[in-house]
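Here's a quick walk through how two chains meet, and how the strands behind that meeting are laid out. Have the viewer open while you read.

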Amino acid sequence: MISDAIEDEEKWLAEGIAGIQHNAFYMHRALDSNNLREALKYSAQLLSELRTSRLSPHKYYDLYMRAFDELRRLEMFFKDEDKHGCSVVDLYELVQHAGNILPRLYLLCTVGSVYIKSKEAPAKDVLKDLVEMCRGVQHPLRGLFLRSYLAQVSRDKLPDIGSEYEGDGDTVNDAVEFVLQNFAEMNKLWVRMQHQGPIMVKDKLEKERNELRDLVGKNLHVLSQIEGVDLEMYKDTVLPRVLEQVVNCKDELAQYYLMDCIIQVFPDEYHLQTLEILLGACPQLQPTVDVKTVLSQLMERLSNYAASSPEVLPEFLHVEAFTKLSSAIGKVIAAQVDMPIVGAITLYVSLLTFTLRVHPDRLDYVDQVLGACVKKLSGKAKLEDSKATKQVVALLSAPLEKYSDIVTALTLSNYPRVMDHLDNGTNKIMAMVIIQSIMKNNTRVSTAEKVEVLFELIKGLIKDLDGTPMHELDEEDFKEEQNSVARLIHMLYNDDPEEMLKIICTVRKHIMTGGSTRLPFTVPPLVFSALQLVRRLQGQDGDVAGEEDPATPKKIFQLLNQTIESLSSVPSPELALRLYLQCAEAANDCDVEPVAYEFFTQAFVLYEEEVADSKAQVTAIHLIIGTLQKMNVFGVENRDTLTHKATGYSAKLLKKPDQCRAVYACSHLFWVDDQDGIKDGERVLLCLKRSLRIANAAQQMANVTRGSSGPVTLFVEILNKYLYFFEKGNPQVTSAAIQGLVELIRTEMQNDTRTTDPASDAFFASTLRYIEFQKQKGGAMGEKYDPIK
Amino acid sequence: NYIIGAFKPACNISITFSDGKTRKQVPLKKENGQTAMVPLFQSQENIAGKISIEPVQGKKVEHNGIKIELLGQIEMYFDRGNFYDFTSLVRELDVPGEIYERKTYPFEFSTVEMPYETYNGVNVRLRYVLKVTISRGYAGSIVEYQDFMVRNYTPPPSINTSIKMEVGIEDCLHIEFEYNKSKYHLKDVIIGKIYFLLVRIKIKNMDLEIRRRESTGSGANTHVETETLAKFELMDGAPVRGESIPIRLFLSPYELTPTHRNINNKFSVKYYLNLVLVDEEDRRYFKQQEVTIYRLADTS
């Protein structure tokens with residue numbers, strides 16, 4: 001059925017075109033023979049084809065354009081009085097004899113245009129007459145096209161300023177009046193279209209109407225092109241009149257289109273100066289009109305305008321653009337009760353963008369916008385609508401982008417309140433955006449207060465918000481988030497140690513609420529940040545004296561202790577252990593023995609109680625040994641206790657090779673290669689021998705269990721240790737001992753049952769090469785090496 | 001052709017007007033459907049000229065007297081050929097005698113009262129004619145006619161009010177229309193507007209018609225004929241409440257006559273403006289208003 005309708009329409013269009021062509025042929029002949037009467041007759045018949053009601057706007061336009069072309073030729077003929085011998089005044093009457101109104105009015109417009117051109121009558125009179133007479137066509141489609149024809153032929157004949165038709169009482173007022181009237185009538189016809197035809201084709205009608213909208217909008221374009229429409233006239237006449245039409249037509253489609261049209265066709269400075277009038281119309285529009293897009297467009301235009309020509313900025317201030325826009329938006333939102341929340345927020349986003357572009361210095365404006373948004377959101381549950389959420393994110397991101405300094409955003413009191421309305425997921429995303437912004441701009445957050453606010457903002461990342469289902473969290477995302485938080489912590493910095501301490505305290509307060517999954521990520525950066533502070537203080541100690549509550553390393557260490565303790569309660573003992581060791585090292589550097597000792601104690605306690613995994617134990621013990629070796633703060637007693645512990649644990653590791661390695665590592669505990677480091681050669685040797693024994697035991701165990709001896713790697717490693725201490729001048733380590741060890745290794749290597757390991761072979765070979773090299777080099781060292789074969 | 005020649009009248013009569021060269025000639029539709037150009041007069045004018053009688057070569061015309069009559073006649077078509085003379089003036093031109101050669105008689109009717117205009121209607125005709133009669137006895141009179149036309153001009157009426165009226169069908173359609181005058185001259189323009197107070201029907205279009213009502217006879221024999229002389233589309237499409245549609249109708253293209261009221265108790269010609277609204281089901285709603293048409297003297 002539908003395809004039939006389309007086919008029929010094609011047929012009707014073809015018939016119409018044929019009718020036009022047929023009559024055009026005779027009209028041309030009449031024109032060629034200067035026969036006015038015939039020309040009028042055939043042109044009227046030709047135009048009668050436009051009386052059809054059967055075509056859709058699209059097809060009708062096709063027909064109209066063909067008729068239009070013919071009318072151009074007719075107009076040329078009318079202009080040439082010599083040809084038809086009829087004065088234009090008579091001609092103006094003559095064409096009105098036509099019985100059918102549509103051809104009559106098309107002809108009248110055509111002659112009217114010639115009439116104005118002849119200047120035999122004031123342009124305004126002719127225009128006025130034409131626009132009045134066109135009232136006779138009340139059929140929307142035909143009327144629209146007729147009036148559009150009128151607008152077209154009169155365009156270049158308006159008595160505009162500087163136009164040849166101006167003067168003699170014809171003023172630009174007349175031109176404006178004419179266009180306004182034509183616009184008003186066209187709009188009425190256009191709006192009326194929707195009431196035609198049955199309800200079921202409403203969609204189709206809407207579509208068809210949409211196709212015609214530019215015919216109506218063209219009038220506004222013409223108005224904007226009139227030179228004489230200056231700001232004053234625009235403000236006093238044009239805009240109020242146009243808006244009157246827009247508001248009164250009470251049609252959604254028309255209101256939306258025309259508002260948009262107004263915004264697009266008239267200059268920015270006009271909008272700026274007439275904001276109040278323009279905005280005043282917005283709340284009066286139909287509730288279904290998409291006002292937010294309209295306003296967004298307006299604000300976008302204005303902000304572009306401000307951006308493109310900074311010299312107009314004072315003007316923006318002068319007219320209080322922000323205040324007006326802001327209140328208009330408030331009114332629109334209040335007036336359109338049914339507007340979805342996303343619409344309201346979109347509006348706020350636009351306003352915010354506008355504010356940021358035009359008044360970047362007015363933070364209070366930004367805050368005001370956010371405040372308004374909060375007000376709108378308040379009393380509602382968290383946002384469910386994903387679009388609305390997106391808009392809120394946009395709203396919150398805008399200031400970050402603009403100021404590229406989170407610190408600015410932190411001063412906005414309403415910022416966190418807006419964030420509160422986001423659902424948890426989005427809240428996190430937003431928090432990430434904030435952090436990324438800080439990272440990108442390398443912003444330092446330098447006061448405890450700001451840190452407080454900042455952490456309040458990103459609390460979605462810092463702790464579990466109510467009702468976050470755990471399963472929802474993606475492992476990787478979670479890591480990513482927490483890593484970001486960790487990075488963020490490093491961005492908090494103040495040169496003043498005391499303030500820095502406050503910052504650290506604040507951060508600590510927040511991250512402690514994070515729960516077991518977050519702490520492993522967040523504690524380390526905090527600890528390192530604190531240690532950094534400690535190091536700074538250590539460089540300037542003495543200065544702090546006399547202050548009330550100085551940020552002393554001691555205090556910080558206390559804090560650290562508590563912080564790390566929290567980690568050990570969550571199952572992250574290894575991490576806690578490492579941090580304790582780091583702290584111990586720092587304490588060492590600060591020369592506070594008790595503190596360092598305490599940290600070590602904690603580390604050992606953790607080792608004993610929490611580190612059960614053998615591999616972890618190996619790593620941990622090596623770390624302990626390494627750290628302990630560096631310690632120089634301990635007195636003999638403390639040191640002995642600790643080294644004893646370390647050696648003891650080393651020897652108790654599960655796997656023999658691990659035992660062996662840990663023990664020979666312990667040897668370093670007794671030989672610190674510093675000026676005044678401990679140099680206990682005997683105990684070094686003791687360690688080495690012990691490790692050698694363990695290596696032997698390991699070898700035998702391998703023989704027993706697997707029937708082949710293990711690699712000689714351990715021996716080679718021990719050999720290297722020997723060589724090290726030998727070179728460092730440990731008197732207990734003799735060339736004979738080394739010689740013995742070398743022999744031992746060689747023997748082991750010739751053992752048939754041994755599994756060959758190229759790596760350890762190569763290791764041994766290069767060790768031997770090293771010995772050889774040292775011998776060759778000569779000098780004191782060469783002599784020392786000489787006995788070794 | 002002798003046979004035709006044998007029945008030829010014995011003489012040629014020609015009637016010429018003394019100001020025939022300068023007087024305005026207008027077309028007049030004759031009974032046989034042909035149009036001839038005839039001189040135009042108005043009431044109170046002198047009608048003067050010459051009659052010239054020229055006997056056929058070599059013959060004499062014997063007569064009982066020659067006269068010229070100026071007749072104003074009304075002819076009803078249902079009674080064709082039967083003329084009612086409302087004006088009859090006679091001038092004797094010659095006493096009985098004989099005419100041997102061409103002879104010319106001047107004649108004059110001065111300030112002739114011709115109250116009615118020449119009119120050619122559907123059922124009635126009013127004409128003015130000059131009739132020359134050469135009376136003869138047994139041979140039958142020789143008669144010659146000369147038509148002329150009379151048009152009477154009216155000064156613009158001193159009172160010419162507009163026609164303004166509100167009409168409607170309850171709860172369906174209410175309109176108010178206005179024609180700027182009640183009396184229009186033949187080349188006049190009807191200006192007006194139609195204002196829609198209430199529209200509950202789907203109007204397709206609106207026309208303004210000019211109708212002529214010619215009534216002949218009187219009493220029970222009255223015969224009325226109505227013609228639509230003009231059908232002028234005023235509006236295309238359906239208006240809404242509050243819409244005002246302009247009217248501008250030039251009368252010059254239409255063949256109108258002045259309004260004639262009760263011409264000699266024989267006939268009347270009246271004009272009406274008929275406003276017709278047609279709805280989408282082709283129902284017609286109309287309102288008819290009489291207007292008076294008069295003839296205004298050409299200023300040119």
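Between chain B and chain A the count is five salt bridges, and since this is a predicted model, treat every value here as computed. One of the five pairs B:Glu233 with A:Arg51, whose side chains meet at 3.5 Å, N to O. Over all chains, the structure holds 44 salt bridges. Another one to pull up is A:Arg135 with B:Glu243, side chain to side chain, with 3.5 Å from N to O. A:Arg135 sits in the loop between α7 (123-133) and α8 (140-154) of chain A, and B:Glu243 in the loop between β18 and β19 of chain B, so this pair joins two chains.

Polar contacts fill in more of the picture: 11 residue pairs across the interface of chain B and chain A qualify, both partners being at pLDDT 80 or more. Which strands of chain B supply at least two residues each to the side that touches chain A? They are β18 (223-236) and β19 (244-250). Strand β18(B) gives the most to that side, with six residues. By type, the residues of chain B's side split into 11 nonpolar, three polar and six charged.

Now for the extent of the interface. The size of an interface is often given as the accessible area lost when the parts come together. Here chain B and chain A bury about 1,700 Å² between them, and 46% of that is on carbon and sulfur atoms. Within chain B, the residues that lose the most area to chain A are B:Glu233, B:Asp236 and B:Arg248, which together make up 35% of what that side buries. B:Glu233 is also the salt-bridge partner of A:Arg51. In terms of contacts, 20 residues of chain B touch 23 residues of chain A.

B:Arg248 leads straight into the sheets. In β19(B), B:Arg248 is the bridge partner of B:Ile191. Strand β16 (residues 189-199) of chain B and β19(B) pair in the antiparallel sense over seven bridges. Both belong to an open, antiparallel sheet of four strands in chain B, ordered β13-β14-β16-β19. Its edge strands are β13 (163-169) and β19, each pairing on one side only. On average, neighbouring strands of this sheet are turned by 20° against each other, direction ignored.

A second open sheet in chain B has three strands in the order β1-β4-β9, again with antiparallel pairing. Strands β1 (11-17) and β9 (103-109) of chain B stand at the edges with a single partner strand each, so one side of each is left without a neighbour in the sheet. The twist from one strand to the next averages 20°. Seven bridges join β4 (residues 47-55) of chain B to β9(B), and within that pairing B:Lys50 has B:Pro106 as its bridge partner in β9(B).

Chain B also has antiparallel strand pairs linked as hairpins. Here are two of them:

| Strand pair in chain B | Bridges | Opposite residues | Residues between strands | Positive phi |
|---|---|---|---|---|
| β6 (66-76) and β7 (83-94) | 10 bridges | B:Ile66 and B:Asp94 | six residues | B:Gly81, near 90° |
| β20 (260-263) and β21 (267-279) | two bridges | B:Ile263 and B:Phe267 | three residues | B:Asn264, near 55° |

What kind of phi does B:Gly81 take in the hairpin of β6(B) and β7(B)? The angle is positive, near 90°. In the hairpin of β20(B) and β21(B), B:Asn264 takes a positive phi too, near 55°.

Conventions. Residues numbered from 1 in each chain as written. Chains lettered and ligands numbered in written order. Predicted model: local features only at pLDDT ≥ 70, side-chain atom pairs only at ≥ 80, totals over all residues. Heavy atoms only, no water. Pairing = 2+ DSSP bridges. Axes fitted to C-alpha atoms, helices over the stretch in contact; angles between N-to-C directions. Contact = heavy atoms within 4.5 Å. Buried area = accessible area lost by both parts, 1.4 Å probe. Salt bridge = Lys/Arg side-chain N within 4 Å of Asp/Glu carboxyl O. Polar contact = N/O pair within 3.5 Å; in protein donor to acceptor, adjacent residues only side chain to side chain. Nonpolar A, V, L, I, M, F, W, Y, C, P; charged D, E, K, R; others polar.
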